[in-house]
Amino acid sequence: MRAFWLDVDAWRSKLVKISDLNWIEGGRANAVPSRPPWHHDFLSRWRGALAERGTKWKEREILFGELVAKVAIPGSDVNELHALDVDALINCLLSLVDGRPVGSRQQNLVEVLNSFLNVERRQR
């Protein structure tokens with residue numbers, strides 16, 4: 001059979017055998033595995049760069065550069081993300097998603113939120 005799919009903004013196709021199909025939940029078949037959304041890969045790499053005291057500097061610079069390019073906010077750059085403490089925001093949100101402290105030495109989520117929302121430290 002011939003499978004068709006939309007790849008970014010162009011239609012693609014290929015011939016596949018039934019044995020080549022990937023079966024997904026609900027009993028549907030998929031001839032071309034879909035790519036995970038960009039943010040899933042980004043957060044996976046962010047988690048891989050985590051240390052006890054936060055994200056490793058070199059990896060954080062690379063990830064921030066990618067974030068600036070992907071989000072394309074006019075006038076934003078990596079230095080602005082550092083100034084806004086975006087790494088702490090990402091770690092706080094990941095902590096809430098995972099249900100445990102991520103990238104910090106805090107013992108529980110209450111401590112993570114108290115540290116993140118501390119007005120004197122971050123001047124929110």
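**Exercise 1. Gly54**

Task: Decide whether Gly54 is buried or exposed in this predicted model, and find what surrounds it.

Solution:
- Start with the accessibility. Gly54 has a relative accessibility of 8%. Buried means under 20%, so Gly54 counts as buried.
- Next, place the residue. Gly54 belongs to strand β6, which covers residues 54-55.
- Now look for partners, leaving aside neighbours within four places in sequence. Gly54 is in contact with Ala49, Asn91 and Gly103.
- Finally, try a distance in your viewer. Gly54 and Asp41 are 13 residues apart along the chain, and their C-alpha atoms are separated by 19 Å.

**Exercise 2. Asn91**

Task: Work out which residues Asn91 touches, and which side chain makes a polar contact with the side chain of Asn91.

Solution:
- Find the residue first: Asn91 sits in helix α4.
- Check its exposure. The relative accessible area of Asn91 is 7%, so this residue is buried.
- List the contacts, not counting residues up to four places away in sequence. Asn91 touches Trp46, Leu50, Gly54, Thr55, Val102 and Gly103. Gly54 from the previous exercise is among them.
- Pick out the polar contact. The side chains of Asn91 and Trp46 make one, at 2.7 Å.

**Exercise 3. Helix α4 and its two ends**

Task: Compare the reach of helix α4 with the span expected for it, then inspect the residues Asp85 and Gly99.

Solution:
- Take the helix itself. α4 runs over residues 86-98, 13 residues in all. From first C-alpha to last it reaches 18 Å, close to the 18 Å expected at 1.5 Å a residue.
- Look at Asp85, which is found in the loop between α3 (78-83) and α4. Its phi is positive, about 60°, although Asp85 is not a glycine. Most residues other than glycine have a negative phi.
- Move to the other end. Gly99 follows α4, and its phi is also positive, near 75°.
- Mark the buried residues of α4: Val86, Asp87, Ala88, Ile90, Asn91, Cys92, Leu94 and Ser95.
- Zoom in on one of these. Asp87 has 11% relative accessibility, so it counts as buried. Not counting residues up to four places away in sequence, Asp87 touches Trp46, Arg60 and Phe64.

**Exercise 4. How α1 meets α4**

Task: Describe how the axes of α1 and α4 cross, and name the residues that meet.

Solution:
- Two packed helices are described by the angle between their axes and the distance between the axes.
- Read off both values. The axes of α1 (residues 38-48) and α4 come within 12 Å, crossing at roughly 100°.
- Classify the angle. Values of 65 to 115 degrees count as roughly perpendicular, so α1 is roughly perpendicular to α4.
- Name the residues. From α1 come Phe42, Leu43, Trp46 and Arg47; from α4 come Asp87, Ile90, Asn91, Leu94, Val97 and Asp98.
- Sort them by class. The contact has six nonpolar, one polar and three charged residues.

**Exercise 5. Ala31 and Ile24**

Task: Assign Ala31 and Ile24 to buried, partly exposed or exposed.

Solution:
- Begin with Ala31, found in the loop between β4 (28-30) and α1. At 16% relative accessibility, Ala31 counts as buried.
- Its contacts, not counting residues up to four places away in sequence, are Ala3, Lys14, Val16, Leu21 and Asn22.
- For a distance check, the C-alpha atoms of Ala31 and Gly99 are separated by 36 Å, with their positions 68 residues apart along the chain.
- Turn to Ile24 in strand β3 (residues 22-24). With a relative accessible area of 36%, Ile24 is partly exposed.

Note on methods: Residues numbered from 1 in each chain as written. Predicted model: local features only at pLDDT ≥ 70, side-chain atom pairs only at ≥ 80, totals over all residues. Heavy atoms only, no water. Helix = DSSP H or I, 4+ residues; strand = E, 2+ residues; numbered from the N terminus. Expected span 1.5 Å × (residues − 1). Buried < 20%, exposed > 50% of the residue type's maximum accessible area, 1.4 Å probe, protein only. Axes fitted to C-alpha atoms, helices over the stretch in contact; angles between N-to-C directions. Parallel < 35°, antiparallel > 145°, perpendicular 65-115°, else oblique. Contact = heavy atoms within 4.5 Å. Nonpolar A, V, L, I, M, F, W, Y, C, P; charged D, E, K, R; others polar. Polar contact = N/O pair within 3.5 Å; in protein donor to acceptor, adjacent residues only side chain to side chain.
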